[in-house]
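Got a new structure to get to know? Let's walk through it with a few questions and answers.

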Amino acid sequence: MRKIAKRTAAGAILTCAATLTGCGSELEKLSDSDLQDRAYQCSQSSEHTPGGAISCENYRRECLRRRDEGRYVC
């Protein structure tokens, strides 16, 4: 039973990571306020799951990308 749960969790993490890293447009579609909220939530948490850490890094990179465009969101 534990092996199934671990595989399911690992699959979910990989799916989330692939969605966020493989398709930059998904993050580009986030409104500035949604991105700001998600980046703030990441900064307030000291412990992240592996998938959560990947998501937070992707939010950070999207904040930087928007900053390079002159949009200081985060």
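Q: Is R71 buried, partly exposed or exposed in this model?
A: Keep in mind that we're looking at a predicted model. The relative accessible area of R71 comes to 33%. Buried would need a value under 20% and exposed one over 50%, so R71 counts as partly exposed.

Q: Which residue does R71 form a salt bridge with?
A: A salt bridge here needs a side-chain nitrogen of Lys or Arg within 4 Å of a carboxyl oxygen of Asp or Glu. For R71, the closest N and O atoms of the pair are 3.1 Å apart, which fits, and the partner is E69.

Q: Which residues are joined into one network with R71 by salt bridges that share partners?
A: Start from E69, which pairs with R71 and also forms a salt bridge with R65, with 2.6 Å between the closest N and O atoms. R65 in turn meets E62 in a salt bridge, again at 2.6 Å from N to O. Follow the shared partners through and the network joins R71 with D32, E62, R65, R66 and E69.

Q: Where do E62 and R65 lie, and how many residues apart are they?
A: Both of these salt-bridge partners belong to helix α4. Their spacing is about one turn of the helix, that is, 3 residues.

Q: Does E62 count as buried or exposed?
A: Its partner R65 is partly exposed, at 27% relative accessible area, and E69 is partly exposed too, at 47%. E62 has a relative accessibility of just 5%. The cut-off for buried is under 20%, so E62 counts as buried.

Q: How are α3 and α4 set relative to each other: parallel, antiparallel, perpendicular or oblique?
A: Helix α3 covers residues 32-44 and helix α4 residues 50-68, and their axes come within 9 Å. They cross at roughly 135°, and the crossing is left-handed. Antiparallel would take over 145 degrees and perpendicular 65 to 115, so α3 and α4 are oblique.

Q: How many nonpolar, polar and charged residues does the contact of α3 with α4 have?
A: On the α3 side, the contact is made by D32, L35, R38, A39 and C42. On the α4 side sit C56, Y59, E62, C63 and R66. Sorted by class, that gives 6 nonpolar, no polar and 4 charged residues.

Q: How many salt bridges does the structure hold?
A: We've met a few of them, including E62 with R65 and R71 with E69. Across the structure, the count is 8.

Conventions
Residues numbered from 1 in each chain as written. Predicted model: local features only at pLDDT ≥ 70, side-chain atom pairs only at ≥ 80, totals over all residues. Heavy atoms only, no water. Axes fitted to C-alpha atoms, helices over the stretch in contact; angles between N-to-C directions. Helix = DSSP H or I, 4+ residues; strand = E, 2+ residues; numbered from the N terminus. Parallel < 35°, antiparallel > 145°, perpendicular 65-115°, else oblique. Left-handed = near helix turned anticlockwise from the far one by under 90°. Contact = heavy atoms within 4.5 Å. Nonpolar A, V, L, I, M, F, W, Y, C, P; charged D, E, K, R; others polar. Buried < 20%, exposed > 50% of the residue type's maximum accessible area, 1.4 Å probe, protein only.
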